[in-house]
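Work through the exercises below with the structure open. Each task is followed by a solution in steps.

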Amino acid sequence: MDPDPHGPPPTSPASPTSPRPSSSPAPPPRTLPPGTAPPRTAPPGALPTRTVPHRGVPSAALAAALVVLALLPVLGAAPASWDRTGARVSGRDEDRPRRTLKVAVSQSVDSLNPFLATRLLSTSVHRLMYENLTNYDPADNRPVPGLATAWKPSPDKLTWTYTIRENARWSDGRPVTARDAAWTFTTMMTDEDAATANGSFVTNFREVTAPSATRLVIRLRKPQATMAALDVPIVPRHIWSKAGDLAEFTNDRTFPVVGSGPFVLTGYKADSYVRLTANPVFWRGAPEFHELVFTYYKDGDAAVAALRKGEVSFVQGLTPAQARALADEPGVTVNDAPGRRFLALATNPGARAQDGQVFGDGHPSLRDPRVRRALFMAVDRDMLVDKVFQGYAVRGEGYIPPRFSRYHWRPAAGQRVLYDPGEAARLLDGAGYRKNAEGLRTGADGKPITYRLLCHATDPNDKAIGRYLQEWYAGLGLGLRVDCLDNVTDPWTAGEYDLAFDGWSVNPDPDFVLSIHTCAALPATPGAPGATDNFICDPRYDGLYGRQRAEYDPAARAALVRRMQSRLYDTGYMNVLAYPNAVEAYRSDRIASITTMPEAAGNIYGQDGYWSWWSATPAEPYGAGPGGGPPTGALVGIAAAGTLLAGGAGALALRRRRTVDDRE
């Protein structure tokens, strides 16, 4: 099971440094006072322009033209309108060449309701539809303005005041106000269903008010170190207040769906596609691609074939064989970068609810820490990296990937669980699970033990690892049934599994991905919504979680986060196998440039924001084939527009345009 975390970056003055490749030392941390935009991003309210590859066009003329185009939405351009199918039928940009960017995905949407969705594709779509209060800088993960242009805590850190930008509009033309944000957060605080996906962000909130259209005030019960990056999509109050039961509201009945992000949802078919159209009134400026379509492919080879034929322009989640095959493909660029995900083998500790009720049918032997440790000692993680990932991954240990160097943890030499099948067998013997005459280990009921392993049917890595586990566990006298399903969520939430492949995309701030293992994340009652990942409830872990969340000193907080990972490692509920690379490919005859995150060596799909798809620039001439477009690069800059002064005496400062799994 593979959820998508929503942990935001720290709010302390010393922001985390940008993740860098291991061969390149990270620069000293740069400071970012609360509410201050980074030097390279646009001033609050400014519409950034793009520096696009060009040939023979004077830079000054190009810059001026781009700024004029970017400023059209705030210079009186009328919002575009859509017909019932989602196609744009009017608007001042109707003469702009229509460019469609098609992205192949291997995951379906679990919900288009941002209060409920946890899968990576769903949360990625919501980041494109709805702006958050703040965003992440794609270069170094610092908090930067979103709907909020500034934010400031009170001296006791119990009251946070946000200034909401005046130039943000919903796609139906109405202004975005602080009241929309207050309604969003208050609904999450008062409606259990609305807290399903992102409830951990508001559990410490005492009150949220909007004294004016541009002023949002959040009062806390105790200090909270994540207030400069609440990764919560702000929804339009005038739409959602009429939605009724949020647990039943699918948000896909009427198109276009009103939003404030760079794209507007204009079409959806379950297990088939998600269609989004460029939002002409987005405050940063409309994307250059007119349409963005996520198309579902259950088979990865079919997605790669579609890329080759030009039916899609981007494919993610490549296998090593696919990546090698595409490396020399004309007109295709392969991006291989350190990933933000981990892949773990999760063990069912016994599903239970906060009211104490036990449910599910996890094997009782897994409640013994000796058994959990034995199962992990029987796994050769180095072999998995070599044979399954073929080098496109790093051996797993701590819960947070090495890409996030501030929080990444490694066990001490005496703590590390090493591959040792002999010691694993001795642990099982000591736990009372001995082999019978047939060489099979039996449980308390005298029956041979066969564990059930939840596996994603669309993930070839899951299947390959499952085969290795079957062989290794057979050597211990244990059976393993690998259940590869299209839908692993239902048996998982019902507690009807023994082992499962688990993985999350980790955000720059790990708070959310840590919160899903707290006792508070358990469902209130069996069957009720809950944010728990694996039904873990450990008082020692909870104590560390509460301390790190209230700690504003970056070094002290990071130390607490590492202690939390140490505790998870020792309990053996979550055994991290590997940190897979982000391996993806795009057609360079369709996409001239696109932002990776981090910019130095990062991913395109599933970012902590909307930078990749918002920044993507079409190749010209579009779709002309290899060599037909401008030079291809992994990055595109964001440009912060300068000011065009009246009478033509303008000054222009061009900057690079800059710019989150989710049960995958």
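Contact here means heavy atoms within 4.5 Å. The model is predicted.

**Exercise 1. The core around phenylalanine 294**

Task: Find which residues phenylalanine 294 touches, leaving out those up to four places away in sequence. Then place phenylalanine 294 in its nonpolar core.

Solution:
- Step 1. Apply the contact cut-off. Phenylalanine 294 touches Val103, Val105, Leu121, Val125, Leu128, Ser272, Tyr273, Val274, Leu276, Tyr605 and Trp613, with residues up to four places away in sequence not counted.
- Step 2. Turn to the core. The largest nonpolar core has 111 residues, and those touching the most other members are Tyr162, Phe185, Leu216, Phe294 and Trp613.
- Step 3. Ask which element gives the most to this core. That is α3, with six residues.
- Step 4. Look for another core. One of 40 residues lies apart from the largest, and its members include Cys455, Leu476, Leu499 and Leu577.

**Exercise 2. Threonine 187**

Task: Decide whether threonine 187 is buried or exposed, and list what it touches.

Solution:
- Step 1. Locate the residue. Threonine 187 sits in helix α3, residues 178-190.
- Step 2. Check accessibility. Buried means under 20% relative accessible area. Threonine 187 has 10%, so it is buried.
- Step 3. List the contacts. Threonine 187 touches Ala194 and Leu246, not counting residues up to four places away in sequence.

**Exercise 3. The sheet of seven strands**

Task: Give the strand order of the open sheet of seven strands, and explain why β10 and β14 each have one side without a neighbour in the sheet.

Solution:
- Step 1. Trace the order. The strands run β10-β11-β12-β3-β13-β21-β14, and the pairing is mixed.
- Step 2. Examine the edges. β10 (263-269) and β14 (332-337) each have a single partner strand, so one side of each has no neighbour in the sheet.
- Step 3. Follow one pair. β10 pairs with β11 (residues 273-278) in the antiparallel sense, over six bridges. Phenylalanine 263 stands opposite alanine 278 in β11.
- Step 4. Add the helix. α6 (residues 320-327) lies across β14 and β21 (582-587). Helix α6 runs at about 140° to β14.

**Exercise 4. The sheet of six strands**

Task: Describe the open sheet of six strands, then the helices α7 and α8.

Solution:
- Step 1. Trace the order. It is β16-β20-β15-β19-β17-β18, with mixed pairing.
- Step 2. Examine the edges. β16 (393-395) and β18 (479-485) have a single partner strand each, so one side of each lacks a neighbour in the sheet.
- Step 3. Take the average turn. Neighbouring strands of this sheet are turned by 25° against each other on average, direction ignored.
- Step 4. Follow one pair. β17 (residues 450-456) and β18 pair in the parallel sense over seven bridges. The bridge partner of arginine 452 is arginine 481, in β18.
- Step 5. Place α7. Helix α7 (residues 369-377) packs on the sheet and touches β15 (343-347), β17, β19 (499-502) and β20 (574-580). The direction of α7 makes about 25° with that of β20.
- Step 6. Look inside α7. Its buried residues include Val371, Leu375 and Phe376. At the start of α7, a side-chain oxygen of aspartate 368 reaches to within 2.8 Å of the backbone nitrogen of arginine 370.
- Step 7. Place α8. Helix α8 (residues 381-388) lies across β16 and β20, and runs at about 165° to β16.

**Exercise 5. The disulfides**

Task: State how many disulfides the whole structure holds, and describe each link.

Solution:
- Step 1. Count them. The search finds two disulfides.
- Step 2. Take the link of cysteine 455 to cysteine 484. The S to S distance is 2.2 Å. Cysteine 455 lies in strand β17 and cysteine 484 in strand β18, 29 residues apart. The link is right-handed, with 80° about the S-S bond.
- Step 3. Check accessibility. Cysteine 455 is buried at 0%. Cysteine 484, at 31%, is partly exposed.
- Step 4. Take the link of cysteine 519 and cysteine 537. Their sulfur atoms are 2.0 Å apart. This link is right-handed, with 100° about the S-S bond.
- Step 5. Check accessibility again. Cysteine 519 is buried, at 18%. Cysteine 537 is partly exposed, at 24%.
- Step 6. Write the pattern. Counting bonded cysteines along the chain gives 1-2, 3-4.

Definitions and conventions. Residues numbered from 1 in each chain as written. Predicted model: local features only at pLDDT ≥ 70, side-chain atom pairs only at ≥ 80, totals over all residues. Heavy atoms only, no water. Pairing = 2+ DSSP bridges. Helix = DSSP H or I, 4+ residues; strand = E, 2+ residues; numbered from the N terminus. Axes fitted to C-alpha atoms, helices over the stretch in contact; angles between N-to-C directions. Buried < 20%, exposed > 50% of the residue type's maximum accessible area, 1.4 Å probe, protein only. Polar contact = N/O pair within 3.5 Å; in protein donor to acceptor, adjacent residues only side chain to side chain. Disulfide = S-S within 2.5 Å. Core = buried A, V, L, I, M, F, W, Y, C linked by side-chain atoms within 4.5 Å.
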